[in-house]
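Dear colleague,

Please find below the structure that I am handing over to you. My notes on what was found in it follow directly after.

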Amino acid sequence: MKTLITLFLSLSFSTLFYAQEVMPKMQLETLSGKDISLQSISDNDQLVIVSLWATWCVPCKNELDAISEVYDDWTDETNVKLYAISVDDSRTVKRVKPLVSGKGWEFDILLDTNSDLKRQLNAPTIPLTLLVKNNKILYRHSGYTPGSEDELYEKILEFSK
């Protein structure tokens with residue numbers, strides 16, 4: 001019986017980790033209402049930051065503000081691209097566009113109003129920051145504290161080679 005339980009747990013965890021290694025195949029909406037394939041954003045060796053966030057999440061906004069301050073330098077040096085994916089639901093999604101405009105964020109904003117992506121990534125909390133290349137998740141970080149963007153940049157340098 002113990003062997004069976006151990007085998008079941010091992011398979012469950014290996015499936016969980018495998019599921020997190022590849023970006024899910026799905027469509028997300030841009031702020032202008034256009035659908036975009038999640039698979040298409042990191043193909044052709046494009047290194048991409050995927051940040052799950054919400055308008056009501058203070059650490060999320062702090063992280064995106066911190067990245068926004070250095071984003072132009074990051075893109076010039078490494079060609080990295082950021083997709084900030086809002087998990088605001090149907091009640092709060094109307095706040096996304098005004099917030100992004102007010103903050104002056106220059107990166108692409110996508111909408112996950114049903115939290116489908118959040119669920120498929122097994123993300124219990126936000127912010128969740130991923131580094132993705134060729135649809136493979138290379139780095140994953142949950143939460144934000146000041147300076148986390150420096151660690152993210154080190155990973156960007158590592159994977160942009």
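Is Asn-62 buried, partly exposed or exposed? This is a predicted model, and in it Asn-62 is partly exposed, because its relative accessible area is 39% and the partly exposed class lies between 20% and 50%. The residue is found in helix α2. Its C-alpha atom is separated by 8.1 Å from that of Pro-146, although Asn-62 and Pro-146 are 84 residues apart along the chain.

Aromatic pairs

A search of the whole structure finds 4 aromatic pairs. Two of them are described here.

A pair of aromatic rings is described by the distance of the centres and the angle of the planes. For Trp-53 and Trp-105, the ring centres are 5.3 Å apart and the planes stand at 80°, so this pair is edge-to-face. Planes over 60 degrees apart are assigned to that class. Distant parts of the chain are linked by this pair: Trp-53 belongs to strand β3 (residues 47-53), whereas Trp-105 sits in the loop between α3 (96-103) and β5 (108-111), 52 residues apart. Trp-53 counts as buried because its relative accessibility is 0%, and Trp-105 is buried as well, with a relative accessible area of 6%.

The pair formed by Trp-74 and Tyr-153 is stacked, with 5.3 Å from centre to centre and 20° between the planes. Trp-74 lies in helix α2 (residues 58-78) and Tyr-153 in helix α5, so this pair ties together parts that are 79 residues apart in sequence. Both Trp-74 and Tyr-153 are buried.

There is also one aromatic cluster to note, formed by Trp-53, Tyr-71, Trp-105 and Phe-107. The two tryptophans of the edge-to-face pair, Trp-53 and Trp-105, are thus among the members of this cluster.

Salt bridges

Side chains of opposite charge can pair when their charged atoms come close. The search of the whole structure finds 5 salt bridges, and three of them are set out below.

- Asp-89 and Arg-91 form a salt bridge in which the closest N and O atoms are 2.8 Å apart. Asp-89 counts as partly exposed, at 25% relative accessibility, while Arg-91 counts as exposed, at 60%.
- Asp-116 and Arg-119 form a salt bridge whose closest N and O atoms are 2.6 Å apart. About one helical turn separates Asp-116 from Arg-119, because they are 3 residues apart in helix α4 (residues 116-120). Asp-116 is partly exposed at 31% relative accessibility, and Arg-119 is exposed at 51%.
- Lys-155 and Glu-158 form a salt bridge with the closest N and O atoms 3.6 Å apart. Here again the partners are 3 residues apart, in helix α5, and are therefore separated by about one helical turn. Lys-155 is partly exposed, with a relative accessible area of 26%, and Glu-158 is partly exposed at 43%.

Cavity

The structure holds 1 cavity of 30 Å³ or more, and the volume of the largest cavity is about 40 Å³. Its lining consists of Glu-63, Thr-129, Tyr-139, His-141, Ser-148, Glu-149 and Leu-152. Two or more residues of this lining are given by each of β7 (136-142) and α5 (148-159). Helix α5 gives the most, with 3 residues. By character, the lining residues of the largest cavity divide into 2 nonpolar, 3 polar and 2 charged. Helix α5 has therefore appeared in three places in this message: in the lining of the cavity, in the salt bridge of Lys-155 and Glu-158, and in the stacked pair through Tyr-153.

Strand pairing

Strand β1 (residues 27-30) and strand β2 (residues 35-37) run antiparallel and are joined by 3 bridges. Within this pairing, Glu-29 stands opposite Asp-35 in β2. The hairpin of β1 and β2 has 4 residues between the strands, and in it Gly-33 takes a positive phi near 95°.

Strand β1 is also joined to β5 by 2 bridges, and these two strands run antiparallel. Thr-30 stands opposite Leu-110 in β5.

With kind regards

Conventions. Residues numbered from 1 in each chain as written. Predicted model: local features only at pLDDT ≥ 70, side-chain atom pairs only at ≥ 80, totals over all residues. Heavy atoms only, no water. 1 Å grid on protein atoms, 1.4 Å probe; cavity = no way out; pocket = protein on both sides within 12 Å on 5 of 7 lines; lining within 4 Å. Points joined across faces, edges and corners; volume = space filled by probe spheres on them. Nonpolar A, V, L, I, M, F, W, Y, C, P; charged D, E, K, R; others polar. Salt bridge = Lys/Arg side-chain N within 4 Å of Asp/Glu carboxyl O. Buried < 20%, exposed > 50% of the residue type's maximum accessible area, 1.4 Å probe, protein only. Phe/Tyr/Trp six-rings, centres within 6.5 Å; stacked < 30°, edge-to-face > 60°. Pairing = 2+ DSSP bridges.
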